[in-house]
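Colleague: I should be grateful for a close look at a single part of this model, the stretch at the start of the chain. Please take me through it step by step.

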Amino acid sequence: MLENLKESVCRANLELGASGLVVYTWGNVSEISSDRQYVVIKPSGVDYAVMKPSHMVVVELLTGQVVEGDYRPSSDTPTHLELYRRFPAIGGVTHTHSVNAVAFAQAGMDIPALGTTHADYFYGAVPCTRSLAKEEVVKDYELNTGKVICDTIEERGYDVMAIPGIVVRNHGPFTWGKDGAASVYHAVVLEKVADMAIKTLSLNPQAVMPQFVLDKHYYRKHGPGAYYGQKE
């Protein structure tokens, strides 16, 4: 079942492991099927060094029930599923505990758009969610994590694909994209811009980037008149 998707998700997880963003098993990637009925995700606690497509777990989008796989799915599965349910444009999701993005999450701060590297991929500050209440942590923690991510995006009026990432207060980053590979790519970029932001703010806490620079760099890659790169 969904053998090609299992291979794609396994490959994305291995790429995440090779990126240096994860330590031990601290990360996961998922991708949704083209009919948006099933999600394939990394199994919980399986080492990247031995991971194979056959280890991937298939779950139903609506119920979260495992329909195929010999392992338990990632403990973060309910968070991934909530993102897919709320935002049909999302095709893949990545979660890490990468150091610099986590620093912003632990500080309870957005990652500000301070330079053109950030602007090439995120059209504005990468938001930090509110803290979860005690009852949200005690019961249905992972589902409530997904809900607070989605609520933050909707409350701020963001285009979910224009800012394809977030940091969860006291937790860490989640990123997404058109597929699993794109979500991993955004996880790597998010960590790099978080690193740049921390260093920039340490040198100049009042650093800012003009809106017109943000507009220029984002839209030259993603706008209707985009001219960065080659035509497909």
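**A close look at V23 and its surroundings**

Modeller: In this predicted model, V23 has a relative accessible area of 39%, which means that V23 is partly exposed, since this class lies between under 20% for buried and over 50% for exposed. V23 sits in the loop between α1 and β1. Together with Y24 and W26, V23 makes up a nonpolar patch on the surface, and the accessible area of the three together is about 370 Å².

On one side of this loop is helix α1, residues 3-18. At 1.5 Å a residue, the 16 residues of α1 should span 22 Å, and the end C-alpha atoms are 22 Å apart, so the two values agree. Several residues of α1 are buried, among them L5, V9, A12 and L16. An α-helix has 3.6 residues a turn, so residues three or four places apart point the same way. The buried residues of α1 pack against β1, β2, β3, β4, β5 and α7. Just after α1, G20 takes a positive phi of about 85°.

On the other side of the loop is strand β1, residues 27-32, which pairs with β2, residues 38-41, in the antiparallel sense over three bridges. Within this pairing, S30 has I41 of β2 as its bridge partner. The hairpin of β1 and β2 has five residues between the strands, and R36 takes a positive phi near 55° there. Strand β2 also pairs with β3, residues 57-60, in the antiparallel sense, here over four bridges. In that pairing, V40 stands opposite V58 of β3.

Definitions and conventions: Residues are numbered from 1 along each chain as its sequence is written. This is a predicted model: local features need pLDDT of at least 70, side-chain atom pairs count only at pLDDT 80 or more; totals for chains, interfaces and linings use all residues. Side-chain values use heavy atoms; hydrogens and water are left out. Two strands pair if DSSP finds at least two bridges between them. Helices (H or I, at least four residues) and strands (E, at least two) are DSSP runs, numbered from the N terminus. The expected span of a helix is 1.5 Å times one less than its number of residues. Buried means under 20% relative accessible area, exposed over 50%, partly exposed in between (1.4 Å probe, protein chains only). Contact means heavy atoms within 4.5 Å. Patches are made of residues with over 30% relative accessible area and no salt bridge: like charges are joined within 9 Å, nonpolar side chains (Val, Leu, Ile, Met, Phe, Trp, Tyr) within 5 Å. Accessible areas come from the Shrake-Rupley method with a 1.4 Å probe; for residues, only the protein chains shown count as cover. A salt bridge is a side-chain nitrogen of Lys or Arg within 4 Å of a carboxyl oxygen of Asp or Glu.
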